[in-house]
Structure formats: structure tokens, C-alpha cells
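Trainee: Please take a close look at the loop backbone for me. Then place what you find in the rest of the fold.

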Amino acid sequence: SINVGNTAKMVCNVTDGQITWLKNNKTLPKDDRISVESSNRGRESVLQITNVEASDKAIYTCSASKGEERERASAHLTVYEIPVIFYMFPTQFVREGDTLTLECVARGIPKPSLTITKETSDDVTRDVVIEAEEELQGDYQIKKTVQVGLVTREHVGRYTCAASNNRGKDRRTASVVEVIDGNWSEWQPFSECSVSCGDGRRTRTRTCSNPAPLNGGISCPGPYTQTEGCMLQSCDYEPVFTLTPSNRRVTAGDTITLVVVVDAEPRANVTWHTP
């Protein structure tokens with residue numbers, strides 16, 4: 001017996017005659033991995049198979065013939081393969097309510113057993129076997145699939161795919177990660193008014209933290225600040241002329257307009273009079 005990938009050698013010694021090698025009673029296939037070398041004047045023949053494959057499993061016969069005389073000796077080459085997990089689902093990013101498919105494929109000789117487990121943490125961290133659909137793919141390959149129709153937070157975590165037979169074992173891990181979209185917190189109280197009297201502004205804020213976006217989740221839409229006008233009290237001050245009329249020369253019958261602008265709080269009453 002031999003493991004896949006190794007080199008197998010079979011030696012045949014005869015006292016006399018021509019040596020021929022057969023595989024399952026047929027001529028050896030043409031394969032660069034298979035070679036036959038003779039020595040000791042043709043009395044010894046070595047059959048060598050490099051990089052052994054599963055298809056090399058067979059009965060190999062050394063046949064020695066001389067005239068009508070024929071002698072045969074056979075050996076059964078058994079091929080084994082340590083289990084190899086050659087596909088496991090990559091890290092999955094999911095939201096609650098999504099569908100989810102987890103697949104694991106392994107091969108080995110003899111055909112390995114295959115399990116998918118999920119790590120859980122109660123009082124002690126342990127792996128729990130997940131029920132999975134099994135599919136045989138040929139004599140030496142097996143596939144297991146876990147289908148989740150409606151993802152919940154219970155499905156989030158680290159998964160392990162483990163394959164084993166009497167020649168060895170293999171395992172790989174991958175994770176199911178929850179994608180969380182952001183949501184706004186409550187608005188904070190407004191800040192103090194920007195002025196102690198008259199028209200001012202005040203602002204309040206909120207944060208995208210209820211929850212915060214995680215693992216590629218969508219950030220919160222809309223502004224994180226809000227501003228509005230405010231007035232604690234009016235600002236009283238004495239009237240001030242910001243525009244006054246200038247002296248003008250006019251003739252009888254002309255129409256004139258005189259303009260003044262007064263800044264005051266509260267609003268000032270303006271009266272006109274002549275000296």
C-alpha cells in the first residue's frame with residue numbers, strides 16, 4: 001500500500017525468460033510516470049510508478065515466458081490518500097433575514113467522513129455539529145452543504161470543516177460575519193444660544209451609534225447637526241441716527257424728500273420739527 005503522491009516500486013526476479021508487466025491482466029498504459037527497468041541480464045525487472053494517483057490502484061502481474069513455458073506472480077497495489085479539504089466557503093457577510101449557503105468539499109482514499117461544526121460559547125467554548133446535506137461525488141470525494149433560509153444572529157460565528165479517514169485528517173475554518181447598518185441616536189439637547197440678547201443660533205447633534213455601522217454596513221442618512229434661531233431677550237439701546245438729511249437749496253414750489261434712518265431697540269419713534 002502507498003499514499004497518493006509517493007513512488008511505488010515492484011521487483012520481479014526470474015531464473016530465465018522474458019519478463020512482461022501487466023496491470024489488471026492488460027498491457028501497462030502509456031504514462032510518463034510508469035517505467036520498467038531490467039538488470040542482471042534481464043533476470044530482474046523493476047516496475048516504478050512515480051507520483052502515484054488513485055487510478056494506479058490495481059493488480060500488477062510479472063509474467064515470465066520462455067517458449068511455451070510461462071510463470072506469473074502478482075501484487076495488489078493499494079492506494080491511500082490523506083483527506084484534503086480543497087474547497088470551503090469563504091468568509092460570508094450577511095444581514096439578518098438574508099439566505100446563506102455554506103459548502104465544504106473533501107476527498108481522500110478511503111473516502112473521508114466530513115463534518116461542519118460551529119463554535120459556540122456557553123460556559124465552555126465548543127464546536128457543535130451542524131446538520132448538512134451530503135452529496136457523494138465519485139468514489140473518493142464528498143460534499144456537504146448547509147442551507148439557511150432566514151439568517152439570524154445565531155448563524156453568525158466561526159465554522160470548521162473537518163475531514164478524516166484512517167490515513168489522517170484535515171480541517172479548515174471560515175466565518176459568517178454580520179453586517180450591521182447604522183442607526184441614529186437620540187438628538188442631544190440644544191447648545192446655549194450664541195448671543196445673550198437679540199437674534200442668535202443654537203445647535204444640537206446626534207451620532208450614528210444606535211448601532212454604529214459595522215462590517216461594511218450602511219452609514220446613517222441625513223445630517224448629524226441641527227441649527228435653529230434663538231433669542232434670550234431683546235437688546236435695548238438708545239436711538240442712533242445712521243442716516244441724516246443733508247442741507248439742500250430749493251426754490252419755492254419744489255418737492256423735496258428728506259430721509260433719516262434710526263437704529264434703536266426697542267424701535268424708536270421719529271418726529272420732525274423745524275427750529
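Mentor: Strands here are DSSP runs of E with at least two residues, helices are runs of H or I with at least four, and both are numbered from the N terminus. The model is predicted, so to speak of a local feature takes pLDDT of at least 70, side-chain atom pairs take 80 or more, and totals for chains, interfaces and linings use all residues. Numbering runs from 1 along each chain as its sequence is written, and side-chain values use heavy atoms, without hydrogens or water.

Start with asparagine 25. This residue sits in the loop between strand S3 (18-23) and strand S4 (26-27). Its phi is positive, about 65°, although the residue is not a glycine. That is notable because most residues other than glycine have a negative phi. Asparagine 25 counts as exposed because its relative accessibility is 54%; the classes are buried under 20%, exposed over 50% and partly exposed in between (1.4 Å probe, protein chains only).

Now go to asparagine 215. Here too phi is positive, about 55°, and the residue is not a glycine. Asparagine 215 lies in the loop between S18 and S19. Its relative accessible area is 35%, so asparagine 215 is partly exposed.

That loop holds another feature. Proline 211 also lies between strand S18 (200-205) and strand S19 (225-230). The peptide bond leading to proline 211 from asparagine 210 is cis, and omega is near 0°. Most peptide bonds are trans. A cis bond also joins isoleucine 109 to proline 110, with omega about -5°. Proline 110 is placed in the loop between strand S11 (100-109) and S12.

Follow the chain from proline 110 into strand S12, residues 113-121, where threonine 117 lies. Threonine 117 counts as buried because its relative accessibility is 10%. Leave aside residues up to four places away in sequence. Threonine 117 then touches Asp127, Val128, Val129, Ile130, Arg158, Tyr159 and Thr160; a contact means heavy atoms within 4.5 Å.

One of those neighbours, Tyr159, leads to another loop. The structure holds one aromatic pair. Its partners are phenylalanine 89 and tyrosine 159; their ring centres are 6.1 Å apart and their planes stand at 75°, so the pair is edge-to-face. (Rings of Phe, Tyr and Trp, the last by its six-membered ring, pair with centres within 6.5 Å; planes under 30 degrees apart are stacked, over 60 edge-to-face, the rest tilted.) Phenylalanine 89 belongs to the loop between strand S9 (79-88) and strand S10 (92-94), while tyrosine 159 belongs to strand S16 (residues 157-165). The two are 70 residues apart, so the pair links distant parts of the chain. Both phenylalanine 89 and tyrosine 159 are buried.

Near the C-terminal end of the strand list, look at valine 270. This residue is found in the segment after strand S21 (261-265). Valine 270 counts as partly exposed because its relative accessibility is 40%.

Now the whole chain. There are 21 strands and zero helices. The C-alpha trace spans about 160 × 55 × 25 Å along its principal axes. Of the 275 residues, 27% count as buried; threonine 117, phenylalanine 89 and tyrosine 159 are among the buried ones. Take the contacts between residues at least 6 apart in sequence: 62% join residues at least 24 apart.
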